[in-house]
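The following exercises concern a single molecular structure. Each task is followed by a solution that proceeds step by step.

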Amino acid sequence: MDFTVALAQIKPKLGCTDDNMALVEAAIEEAIAEGAQLVVFPELALTGYFLKDLVPDVALRLDSPQVDKLKLLSRRISIAIGMVEVSADYRFFNSALYLEGGELRHVHRKVYLPTYGLFDEQRYLAHGDRFRAFDTRFGRYGILICEDMWHLSAPYLLAMDNATTLICLSSSPGRGVSGTRELGSSSAWQKLTSTTAMFLNCRVLYCNRVGYEDGINFWGGSEVVAPSGAVTARGALMEEDLVLARVEEGALRRERIFSPMMRDENMDLTLKELRRIDRENSR
Amino acid sequence: MGALNVNTALLRQILVGFVRDEVHKVGLRKGVLGLSGGIDSALVAFIAAEALGPENVYAYTMPYRTSNPESEAHARLVAEKLGVNHELIEITPMVDAYFENFPDADNMRRGNKMARERMTILYDQSAAVGGLVLGTSNKTELLLGYGTLHGDMASALNPIGDIYKSQVWELSEAMGVPSEVIEKKPSADLWAGQTDEQELGFTYRAADELLFRMVDQRMSREELIAFGFEPQFVDGVHKKVQGSHFKRRLPVIAKVSNRTIDRDFRYARDWGM
């Protein structure tokens, strides 16, 4: 179906779930007022990113009042949002929730936790162990969180699981100022979202946050990428924004006819070769 | 050149946004800085004026009796061009009073004392006006350790600490820092005729070309020499970076508990902001 998506490029406050919940509710109201049926928030929208030892303090259970509140709001608009999830056995996950029709429809726990350069996620967080597509009222979706998307296999698995839309929640730090108009990190992401969409004939809904934490900027630039790889809407760089875009079912249908790579993808061959590689590597 | 070139519009946006965001998020509106008449503090004044509004920027020129009078004139030029608050505070009486007891103190001790005297004034003024102290050390001098610990290296926020001196020049031109300030030879201005490059033994341009490849691109010693840098230059600069690393860290704490500050008690400074 055709629908309007809103990418809520917000500026969360570090470690302040109540303040961030208020920001999220305001963005949801604005998205509804603008006629959107789906609103996407950044990675860790409810908490901020460089949490370090704050992780246990800001973590929420899936049956917490905050998640209940989001469920309630999802009766009016579908919501994809990032937060720290604590499990019953006290593991902490960088999770993305998809809520729709008053229910929690899907939880993705970030699988690839970057722990290099300025990143230190594995020190504080447990990693997820699956990539699963799921059904929404708009079609079959898959969710990735930031670094997940840099692993080719992650969006590939979701596309093979018949997702035709990939939502990517991100908290990407801006870095790599050079002679060009783009940041190193923004131009790398723009290549990635576009190429992923093209390879997998999927649309990509990418939402990145803005603001500064301890001098590190988050560059925003959220975008809606058509299955052709063309960018249909892009948010402001380094400023709060609500990016609205009309998403057409027809564009997906036409692209899948025009470039039927996913139809022709040979899963048996891939599995056979991966098994062989695994066998040979474990000798 | 080339490798160090920056898109000044993008850099300006990030640094101005940084000062605005980090000052406002702690509930303040004002910034305080030492305006020496040199290019680094001039650039920070330009960034701060754009971020906070010139009326919210408090610049202090703090000469010692041996400071070059031209420095004061240049500081005034910058302050007037921006319309920021500007005050002159002489440090000669305080510094001389102290060294009356230590007449044999060498230039290094005297220079460090002056830098720390200025720091105490900036922090006092920051309490008086209710603002954050803005740092003016660039990446080149931070890496080389060419600054005084707890003196000019002390600040609450440093917008230019991740840009090399060559990039300071480039951004200063783009932001309209007066050409007199950009074109003069960099000097710590501790005594007449002193220049940084003379004291360091190499030019900032040469140091930046090397540091960028050594630090940012992580080229090995062999790669740097193959690229064309003299081995003695590579080793000399590396030694300065390593030897000054203590200046870039917090004091070392002896660990006895399970949660030691900064070791296993880790929070961002923007905790709750």
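**Exercise 1.** Determine which residue of S4(A) stands opposite Gly82(A), and describe how strands S3 and S4 of chain A pair.

*Solution.* The coordinates belong to a predicted model.
- Step 1. Begin with the two strands: S3 of chain A covers residues 78–86, and S4 of chain A covers residues 92–100.
- Step 2. Their pairing is antiparallel and extends over eight bridges.
- Step 3. Within S4(A), the residue opposite Gly82(A) is Ala96(A).

**Exercise 2.** Establish the strand order of the open sheet in chain A, and explain why one side of S5 and of S14 is left without a neighbour in the sheet.

*Solution.*
- Step 1. Six strands of chain A make up this open sheet, arranged as S5-S4-S3-S2-S1-S14 with mixed pairing.
- Step 2. At the edges stand S5 (103–109) and S14 (241–247) of chain A; each has a single partner strand, so one side of each lacks a neighbour in the sheet.
- Step 3. On average, neighbouring strands in this sheet are turned by 25° against each other, direction ignored.
- Step 4. Helix H3 of chain A, residues 65–73, lies across S3, S4 and S5 of chain A and runs at about 25° to S4(A).

**Exercise 3.** Cys146(A) has a positive phi, and so does Arg218(B). Locate each residue and decide whether Cys146(A) is buried or exposed and whether Arg218(B) is buried or exposed.

*Solution.*
- Step 1. Most residues other than glycine have a negative phi.
- Step 2. Cys146(A), which is not a glycine, has a phi of about 40°. Its loop joins strand S7 (139–145) to helix H5 (153–160) of chain A.
- Step 3. A residue is buried if 20 or more other C-beta atoms lie within 10 Å of its own. Cys146(A) has 27 such neighbours inside 10 Å and therefore counts as buried.
- Step 4. Arg218(B), also not a glycine, has a phi of about 55°. Arg218(B) is found in the loop between helix H10 (204–216) and helix H11 (221–227) of chain B.
- Step 5. The cut-off for an exposed residue is 12 or fewer. With 8 C-beta neighbours inside 10 Å, Arg218(B) counts as exposed.

**Exercise 4.** Identify the helix that supplies the largest share of the largest nonpolar core, and list the residues touched by Leu43(B).

*Solution.*
- Step 1. The largest nonpolar core comprises 72 residues; Val19(B), Leu43(B), Ala45(B) and Ala48(B) have the most contacts inside it.
- Step 2. Helix H2 of chain B (residues 39–52) contributes the largest share of this core, 11 residues.
- Step 3. Leaving aside residues up to four places away in sequence, Leu43(B) touches Ile160(B), Val168(B), Leu171(B), Ser172(B), Met175(B) and Val177(B).
- Step 4. Another core, of 69 residues, lies apart from the largest one and includes Ala197(A), Leu200(A), Val204(A) and Val243(A).

Notes. Residues are numbered from 1 along each chain as its sequence is written. Chains are lettered from A and ligands numbered from 1 in the order in which they are written. This is a predicted model: local features need pLDDT of at least 70, side-chain atom pairs count only at pLDDT 80 or more; totals for chains, interfaces and linings use all residues. A nonpolar core is a set of buried Ala, Val, Leu, Ile, Met, Phe, Trp, Tyr and Cys residues joined through C-beta atoms within 7 Å. Helices (H or I, at least four residues) and strands (E, at least two) are DSSP runs, numbered from the N terminus. Two residues are in contact if their C-beta atoms, placed from the backbone, lie within 7 Å. Two strands pair if DSSP finds at least two bridges between them. Axes are lines fitted to C-alpha atoms, for helices over the stretch in contact, and angles run from 0 to 180 degrees between N-to-C directions.
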